[in-house]
Amino acid sequence: GTTLTLLPREAFAALRMAFQRNHCDLPLVCPTANEPLTLFDGQCFFAAALPPGYPTLWWEFAGGVRIPVPPSVYFTKVRRFGTFAFCLGLVEMPIAGISFPVTVLGDTFMAAAYVIFDRQNGRVGFARPRSL
């Protein structure tokens, strides 16, 4: 498995644009003169806790299944120097030569859902947990 969720270039660009259109007030969402790189460029920010205001992301799958993924799941959190580094756990798919959209669902998605792998029938099922 993987920790990060890997998104196709178009999906990652749409996510970046949606965040930057609606959430520039949040740390490292939009570039500034002092900080030209953002969460979407791999930058992390240091804080005691994840600031409020980051939106819940809704993932929609075939059959109308919708899974909410809160920021507490799609951010990675690492203790550094007595505080925490928060990094976006969603990245653009880095595999060159793939000409079709591929998404790899990592821990920054799967921690928000029960995921059932039916290998015998080649299916994956999702269910929402009662709480996170």
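## Strands and pairing

Strands here are DSSP runs of E, at least two residues long, numbered from the N terminus. Two strands pair if DSSP finds at least two bridges between them. The model is predicted.

Phenylalanine 46 stands opposite alanine 85, a residue of strand 6. Strand 2 and strand 6 run antiparallel, and four bridges join them. Strands of a sheet pair through backbone hydrogen bonds, either parallel or antiparallel.

## The sheet

Three strands make up an open sheet. Their order is 2-6-5, and the pairing is antiparallel. Strand 2 and strand 5 (75-80) are the edge strands. Each has a single partner strand, so one side of each is left without a neighbour in the sheet. From one strand to the next, the twist averages 30°.

## Disulfide between strands 2 and 6

A covalent link also involves these strands. A disulfide is a covalent bond between the sulfur atoms of two cysteines. Cysteine 44 is joined to cysteine 87 by a disulfide, with an S to S distance of 1.8 Å. Cysteine 44 belongs to strand 2 (residues 44-47), and cysteine 87 to strand 6 (residues 83-88), so the pair ties together parts that are 43 residues apart in sequence.

The torsion about this S-S bond, between cysteine 44 and cysteine 87, is about 110°, so the disulfide is right-handed. Cysteine 44 is partly exposed, at 29% relative accessible area. Cysteine 87 is buried, at 16%. The cut-off for buried is under 20%.

## Disulfide between cysteines 24 and 30

Cysteine 24 and cysteine 30 also form a disulfide. Their sulfur atoms lie 1.7 Å apart. The torsion about the S-S bond of cysteine 24 and cysteine 30 is about -70°, so this disulfide is left-handed.

Burial can be read for each partner. Cysteine 24 has a relative accessible area of 43% and is partly exposed. Cysteine 30 has a relative accessible area of 15% and is buried.

## Overall disulfide pattern

A search of the whole structure finds two disulfides. One joins cysteine 24 and cysteine 30. Another joins cysteine 44 and cysteine 87. With bonded cysteines counted along the chain, the disulfides follow the pattern 1-2, 3-4.

Terms used:
Residues numbered from 1 in each chain as written. Predicted model: local features only at pLDDT ≥ 70, side-chain atom pairs only at ≥ 80, totals over all residues. Heavy atoms only, no water. Disulfide = S-S within 2.5 Å. Buried < 20%, exposed > 50% of the residue type's maximum accessible area, 1.4 Å probe, protein only. Axes fitted to C-alpha atoms, helices over the stretch in contact; angles between N-to-C directions.
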